Amino acid sequence: MKFFRLSISILFVLSSIIIGCYFWMVFQAQSRLYSDIDAIPAKKVALLLGTVKRLHHGRINRYFKYRIDAAVQLYKAGKIKHIIASGDNRTRFYNEPKEMKKSLMEEGIPKHAITLDYAGFRTLDSVVRCKKVFLQNDIIIISQKFHNERAIFISDFYDIQAIGFNAKGVSITDDIKTPIREYLARFKAVLDLYFLKTRPKFLGEKVEIII
């Protein structure tokens, strides 16, 4: 019984910390998130966060599609001049940045307005590399609202001036796993930044973006 009570106490404390991390990011980012194309301030560069284009059954991943739609909307409205498409390229058979570039160009975004970041293995990598490798410190981050909140939290830690443009979300009735995983992702982000001092897997040479 004593062990059971201890386990419950530990579980309660851990759950409280995880929930606290989640809402910490909600409150910190809320004033810098935009869903209205007319309201968002213009900036030169946007960081488009990657995800897989197609799901295991072959259908298009709506998270991917809606992020592309948001990036195209910003560009065509004159709110941005350049897009850094950052994602995972862990093997030659899996290339998120290449898929993003292809989809962006199909929607009329010119090739010269797109830079690919092949080492955006995680959100932390994408955000930090945007500053350290691509020398961008004043950006619009493009993803779904929950993802933008975490990305802005990371940006704040690294003194990056970031705002977020929220791509259309996916209904919780269609995807319950991602919202649940986000609680753990935010807890991990706090650990990475404040305790583990996690750095991007790769940095490498600086890349100048000509706009």
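# Exercises on a predicted model

Cys 130 sits in helix α4, which covers residues 123-132. Keep in mind that the model is a predicted one. Grab your viewer and work through the exercises below.

## Exercise 1: A cysteine and the disulfide count

Task: find out whether Cys 130 is buried or exposed, and work out how many disulfides the structure holds.

Solution.

Step 1. Start with the place of Cys 130, which is helix α4. Its relative accessible area is 1%, and the cut-off for buried is under 20%, so Cys 130 is buried.

Step 2. Now do Cys 21. Here the relative accessibility is 7%, so Cys 21 counts as buried too.

Step 3. Recall the chemistry: a disulfide covalently joins the sulfur atoms of two cysteines. To be counted here, the pair of sulfur atoms has to lie within 2.5 Å. The count for this structure comes out at zero disulfides.

Step 4. For a look at what surrounds Cys 130, try Ser 86. The two residues are 44 apart along the chain, yet their C-alpha atoms are separated by 8.7 Å.

## Exercise 2: A residue in the loop after α4

Task: locate Gln 136 and decide whether it is buried or exposed.

Solution.

Step 1. Walk along the chain to the loop between α4 and β5 (138-144); that's where Gln 136 is found.

Step 2. Check the accessibility. With a relative accessible area of 14%, Gln 136 is buried.

Step 3. Add a long-range check. Gln 136 and Ile 209 are 73 residues apart along the chain, and 8.7 Å separates their C-alpha atoms.

## Exercise 3: Arg 186 and its partners

Task: work out which residues pair with Arg 186 in salt bridges, and which network they belong to.

Solution.

Step 1. The idea behind the search is simple: oppositely charged side chains can pair when their charged atoms come close. The cut-off to use is a nitrogen-to-oxygen distance within 4 Å.

Step 2. Take Glu 149. Its side chain meets that of Arg 186 in a salt bridge, at 2.6 Å from N to O. Arg 186 is in helix α6 and Glu 149 in helix α5, so this pair ties together parts that are 37 residues apart in sequence.

Step 3. Take Glu 182. It also forms a salt bridge with Arg 186, with the closest N and O atoms 2.9 Å apart. Both are in helix α6, and because they are four residues apart there, about one helical turn separates them.

Step 4. Check the burial of the three residues. Arg 186 is buried at 0% relative accessibility. Glu 149 is buried with a relative accessible area of 3%, and Glu 182 counts as buried at 3% relative accessibility.

Step 5. Zoom out. Lys 145, Glu 149, Arg 150, Glu 182 and Arg 186 are linked in a network of salt bridges. Over the structure, the tally is 14 salt bridges.

## Exercise 4: A bridge between a loop and a helix

Task: find which residue forms a salt bridge with Arg 32, and say what parts the pair ties together.

Solution.

Step 1. The partner is Asp 156, and the closest N and O atoms are 2.7 Å apart.

Step 2. Place both ends. Arg 32 is in the loop between α1 and β1 (33-34) and Asp 156 is in helix α5, so the pair ties together parts that are 124 residues apart in sequence.

Step 3. Check the exposure. Arg 32 is partly exposed, with a relative accessible area of 22%, and Asp 156 counts as partly exposed at 24% relative accessibility.

## Exercise 5: Positive phi and surface patches

Task: take Asp 159 and Lys 197, find what phi each one has, then see which residues form the surface patches.

Solution.

Step 1. Asp 159 isn't a glycine, but its phi is positive, about 55°. It lies in the loop between α5 (145-157) and β6 (161-167). At 59% relative accessibility, Asp 159 counts as exposed.

Step 2. Lys 197, not a glycine either, has a positive phi of about 55°. You'll find it in the segment after α6 (177-195). Lys 197 is partly exposed, with a relative accessible area of 45%.

Step 3. Lys 197 also belongs to a positive surface patch, together with Lys 132, Arg 199 and Lys 206. Of these, Arg 199 is found in the segment after α6.

Step 4. Finish with the nonpolar patch on the surface: Trp 24, Tyr 194, Phe 195 and Leu 196, with about 450 Å² of accessible area together. Trp 24 comes from helix α1 (residues 2-29) and is partly exposed, at a relative accessible area of 36%.

Technical notes. Residues are numbered from 1 along each chain as its sequence is written. This is a predicted model: local features need pLDDT of at least 70, side-chain atom pairs count only at pLDDT 80 or more; totals for chains, interfaces and linings use all residues. Side-chain values use heavy atoms; hydrogens and water are left out. Helices (H or I, at least four residues) and strands (E, at least two) are DSSP runs, numbered from the N terminus. Buried means under 20% relative accessible area, exposed over 50%, partly exposed in between (1.4 Å probe, protein chains only). Patches are made of residues with over 30% relative accessible area and no salt bridge: like charges are joined within 9 Å, nonpolar side chains (Val, Leu, Ile, Met, Phe, Trp, Tyr) within 5 Å. Accessible areas come from the Shrake-Rupley method with a 1.4 Å probe; for residues, only the protein chains shown count as cover. Lys and Arg count as positive and Asp and Glu as negative; His and the chain ends are not counted. The place of a charge is taken as NZ of Lys, CZ of Arg, CG of Asp or CD of Glu.
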